[in-house]
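Work through the exercises below with the sequence and the model open. Each task is followed by a solution in steps.

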Amino acid sequence: CDLTLMSSDMRTCYEYLRLTSRSFCAVIMALDEDLRYAVCIYYLVLRALDTVEDDMTIPVDEKIPLLKAFHEKLYEPDWHYTQSKEKDRVVLENFNIISSEFRNLAPVFQSVIADSCREMGYGMTVFLDAKIDTYDQWDEYCHYVAGLVGIGLSKLFTASGLENTVVGQDEAISNSMGLFLQKTNIIRDYYEDILQKRLFWPKQAWIKYGNSLESLKDPRNLNNAVACLNELVTDALKHIPDVLTYLSRIRNQSVFNFCAIPQMMAIATLERCYNNPHVFRKNVKIRKGAAVRLMDQSTSMLAIRNFMNHFCTKIYNRIPPIDPNAGRTRTAVSYGIGPG
Ligand SMILES: O=C(O)CO[C@@H](C(=O)O)[C@@H](OCCCCCc1ccc2ccccc2c1)C(=O)NCCCCCc1ccc2ccccc2c1
Ligand SMILES: [Mg+2]
Ligand SMILES: [Mg+2]
């Protein structure tokens, strides 16, 4: 894009995107012009909100009103926040620049982003002590922090005129796009989160395998821990049919790539995590070469179905016969393997 035509604040916003988003910057920059601007701002606004949620040094009685009122800061020109210790605090310290660009967006884009921000902020306060007991509460938390992003993005795609009305209207399918990504992150990040006492694995799952989520990282409980991991991967795999339906509706190439690549990274990550004891000792990542191949080749429904088939077949071939969820996992991956 021609940086000279851009306002200096917008140039700064793209710099914040590059600084705070390892996984989304490239795919956002590949979007067609109008959408690229709105989606970049959308990302920065929600990353700022999430940085408040994630910052455990902010006292609860300050954090709750800040999360709930965050959407109002979009219309307070000078507002910014300098008290955060988080890695992405730059977006809070310079929120006035981000909000000034937000107010330059088309009104329809502003209302989608502001509504999303209000609902996400509220949802984060509901789960502030991160006590996620049931699978339904797991779905609810992931709806607030990621499902809403899928719903908001879909409304931006339709409002931009690049995608059909159905994309922006079918909230259940858009929600699944976020749940698949967020559940994959939560499964992958067990070790890093448990060190910060952030407990996002649902109790309804881990209670069958140990008397606390922390107990799963004890090497003596490794078999139970891996069985719990496999159960959560199986739950995440259930979103695959919705992900395939969503992607099959997308018509604009840059929107397709933007939507498809994070989903392919997620299924590749789930495959690496499945039945993998390393999840309890370090951060499991997909190999650089595999990630590059997914970025370059996730450009058509045929490619997506082939990648989904590839990773689901790899999981299928590694299901331990004695795993308590073996049958349910075979059923879940079969949706990704497809009729072929
Ligand atoms: O702190 C971190 O580094 C990770 O934080 C995680 C957490 O705290 O749980 C967690 O924070 C969630 C709250 C803030 C959401 C920020 C976000 C992310 C991606 C976007 C992409 C485009 C536009 C706006 C976006 C907004 C996080 O970043 N999880 C990664 C998965 C979130 C997926 C969002 C999402 C949902 C549906 C999508 C559909 C199509 C394309 C991209 C999509 C992206
Ligand atoms: Mg975060
Ligand atoms: Mg968070």
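## Exercise 1: the shell around ligand 1

Four helices each supply at least two residues of the shell around ligand 1: H3 (33-54), H8 (135-159), H10 (171-188) and H15 (253-273). The model is a predicted one.

**Task.** Determine which helix gives the most to the shell around ligand 1, and how the shell residues divide into nonpolar, polar and charged.

**Solution.**
1. Count the shell: 21 residues surround ligand 1. Arg47, Asp50, Asp54, Lys87 and Gln182 are the closest.
2. Assign shell residues to helices. H3 gives the most, with 7 residues.
3. Sort the shell by residue class. The result is 12 nonpolar, 4 polar and 5 charged residues.

## Exercise 2: polar contacts of ligand 1

**Task.** Find how far the polar side-chain atom of Arg47 lies from an oxygen atom of ligand 1, then do likewise for the side chains of Lys87 and Gln182.

**Solution.**
1. Start with Arg47: a polar atom of its side chain is 2.8 Å from an oxygen atom of ligand 1.
2. For Lys87, the distance between a side-chain N or O atom and an oxygen atom of ligand 1 is 3.0 Å.
3. For Gln182, the ligand 1 atom is a nitrogen, and a side-chain N or O atom lies 2.9 Å from it.
4. Turn to coverage. On its own, ligand 1 has 820 Å² of accessible area, and the protein covers 92% of this.

## Exercise 3: the two magnesium ions

**Task.** List the protein donors of the magnesium ion (ligand 3) and of the magnesium ion (ligand 2), and state how far apart the two ions are.

**Solution.**
1. For ligand 3, the protein donors are Asp50 (OD), Glu53 (OE) and Asp54 (OD), at 2.1 to 2.2 Å from the ion.
2. Along the chain, the donors of ligand 3 follow the spacing D-x2-E-D.
3. For ligand 2, the protein donors are Asp50 (OD) and Asp54 (OD), at 2.0 to 2.1 Å.
4. The two magnesium ions are 3.3 Å apart, and Asp50 coordinates both.
5. Place the two aspartates on the helix. Asp50 and Asp54 are separated by about one helical turn because they are 4 residues apart in helix H3.
6. Check burial against the cut-off of under 20% relative accessible area. Asp50 has 15% relative accessibility, so Asp50 counts as buried. Asp54 has a relative accessible area of 17% and is buried too.

## Exercise 4: the surroundings of Asn257

**Task.** Which helix holds Asn257, and which side chain joins that of Asn257 in a polar contact of 2.7 Å?

**Solution.**
1. Locate the residue: Asn257 is part of helix H15.
2. The partner in the 2.7 Å side-chain polar contact is Gln253.
3. Set aside neighbours within four places in sequence. Asn257 is then in contact with Val27, Pro262, Ser298 and Thr299.

## Exercise 5: a loop residue

**Task.** Is Leu216 buried or exposed, and between which helices does its loop lie?

**Solution.**
1. Leu216 sits in the loop between helix H12 (203-206) and helix H13 (222-237).
2. The relative accessible area of Leu216 is 1%, so this residue is buried.
3. List contacts beyond four places in sequence. Leu216 touches Tyr190, Trp201, Trp206, Tyr209, Ala225, Cys228 and Phe280.
4. Compare chain separation with distance in space. Leu216 and Val226 are 10 residues apart along the chain, and their C-alpha atoms are separated by 8.4 Å.

Key:
Residues numbered from 1 in each chain as written. Chains lettered and ligands numbered in written order. Predicted model: local features only at pLDDT ≥ 70, side-chain atom pairs only at ≥ 80, totals over all residues. Heavy atoms only, no water. Near = heavy atom within 4 Å. Polar contact = N/O pair within 3.5 Å; in protein donor to acceptor, adjacent residues only side chain to side chain. Areas by Shrake-Rupley, 256 points an atom, 1.4 Å probe, with all protein chains shown as cover. Nonpolar A, V, L, I, M, F, W, Y, C, P; charged D, E, K, R; others polar. Contact = heavy atoms within 4.5 Å. Donors = N, O, S within 2.8 Å, 3.2 Å for Na, K, Ca; no water. Buried < 20%, exposed > 50% of the residue type's maximum accessible area, 1.4 Å probe, protein only.
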